[in-house]
There are 2 protein chains.
Amino acid sequence: MVQYFRPPLDASFAALSDTTRRGVLEQLGRSDASITELAEKFHMTLTGMKKHVGVLEQAGLVTTEKVGRVRTCKLGLRRLEEEAAWIERYRQLWDARFDELDKVVEELKRKEKADGRKKRK
Amino acid sequence: MVQYFRPPLDASFAALSDTTRRGVLEQLGRSDASITELAEKFHMTLTGMKKHVGVLEQAGLVTTEKVGRVRTCKLGLRRLEEEAAWIERYRQLWDARFDELDKVVEELKRKEKADGRKKRK
DNA sequence: TAAATACTGAACCACATGGTTCAGTATTTC
DNA sequence: GAAATACTGAACCATGTGGTTCAGTATTTA
């Protein structure tokens with residue numbers, strides 16, 4: 001819970017690596033909610049949900065405000081831009097890498113053919 | 001390390017939540033590498049790197065093959081499509097949500113003005 | 001065949017995670 | 001003012017994480 005400092009991408013990807021927390025984000029995308037409401041929706045104790053919200057808050061994905069006895073949770077400022085960008089970059093790398101491998105395979109096939117011809121000659 | 005079963009998004013986001021592992025993916029995007037090579041590049045013991053590769057492998061992000069005494073690591077089949085899609089969907093939710101809030105704020109401002117006029121009347 | 005290389009598995013460490021219960025405190029509500 | 005509500009913090013639990021060391025095994029190389 002303390003999590004003194006983690007690179008932001010580490011923290012947000014870690015926050016996203018739990019089904020419940022992704023669900024909470026989706027829920028908050030539809031409407032703000034109190035800890036109690038979230039705990040009920042996700043079949044969990046208040047304390048348990050509070051911890052999840054804490055993780056999301058640390059990652060900048062959620063902000064909360066307590067008014068009276070109710071703490072209301074909303075989406076935070078982080079819009080997953082860096083995360084989307086990292087993944088996009090990776091996908092480009094991946095595509096390039098597999099294209100390259102395809103070329104190598106093609107090259108091998110061509111050589112094989114040439115070899116076959118040589119041998120047959 | 002065992003990780004019997006985790007929803008795929010859980011596993012891949014968890015795999016991405018570590019700087020070293022993201023680095024390994026970027027490296028493998030440039031060229032395949034042995035465990036030893038990766039361990040050196042990331043200043044870590046062989047055993048330590050082997051664990052990271054294990055996590056990436058479980059998440060489908062890396063595949064490995066051992067030939068002789070060398071285990072070679074390459075990018076796996078998972079291209080982060082579901083991950084990109086989840087994040088994209090979230091960003092749309094986020095935008096919609098904040099547009100909505102903007103409207104609410106506008107509405108409040110308009111009412112305030114109207115109230116002001118009433119009181120002054 | 002001896003030595004070097006490359007990995008592997010077990011065991012350990014400190015700390016994080018995802019949950020719980022229990023015992024509060026602060027705020028409403030009746 | 002008593003009771004209900006909403007949260008909070010501490011403590012606990014089992015398991016996971018990110019690393020290590022140490023003691024192997026298997027494969028090359030000289």
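Reader: How far is a base oxygen of DNA strand C from an N or O atom in the side chain of Thr47(A)?

Author: This is a predicted model, where local features need pLDDT of at least 70, side-chain atom pairs count only at pLDDT 80 or more, and totals for chains, interfaces and linings use all residues. Residues are numbered from 1 along each chain as its sequence is written, chains are lettered from A and ligands numbered from 1 in the order in which they are written, and side-chain values use heavy atoms, with hydrogens and water left out. A polar contact is a pair of N or O atoms within 3.5 Å; within protein, one must be able to donate a hydrogen and the other to accept it, and residues adjacent in sequence count only if both atoms are side-chain atoms. For the Thr47(A) side chain and the base oxygen, the distance is 3.4 Å.

Reader: Which part of DNA strand C does Thr45(A) approach with a polar side-chain atom?

Author: Arg69(A) has a side-chain N or O atom 3.2 Å from a base oxygen of the strand. For Thr45(A), the partner at 2.7 Å is a phosphate oxygen.

Reader: Which element gives the largest share of the surface near DNA strand C?

Author: A residue is near the strand if one of its heavy atoms lies within 4 Å of it. In total, 23 residues surround DNA strand C, with Lys51(A) and Arg71(B) among the closest. Helices (H or I, at least four residues) and strands (E, at least two) are DSSP runs, numbered from the N terminus. The largest share is four residues, and it comes from α4(A).

Reader: What percentage of the DNA strand C atoms within 4 Å of the protein belong to sugar or phosphate?

Author: These atoms are split between sugar or phosphate and bases. The sugar or phosphate part is 68%.

Reader: How much area do chain B and chain A bury between them?

Author: The contact (heavy atoms within 4.5 Å) takes 38 residues from chain B and 38 residues from chain A. Buried area is the accessible area (1.4 Å probe) that two parts lose on being put together, summed over both. Carbon and sulfur atoms carry 60% of it, and the total is about 3500 Å².

Reader: How many salt bridges does the rule find across the interface of chain B and chain A?

Author: A salt bridge is a side-chain nitrogen of Lys or Arg within 4 Å of a carboxyl oxygen of Asp or Glu. Asp10(B) and Arg22(A) form one, at 2.8 Å from N to O. Across the interface, the count is eight.
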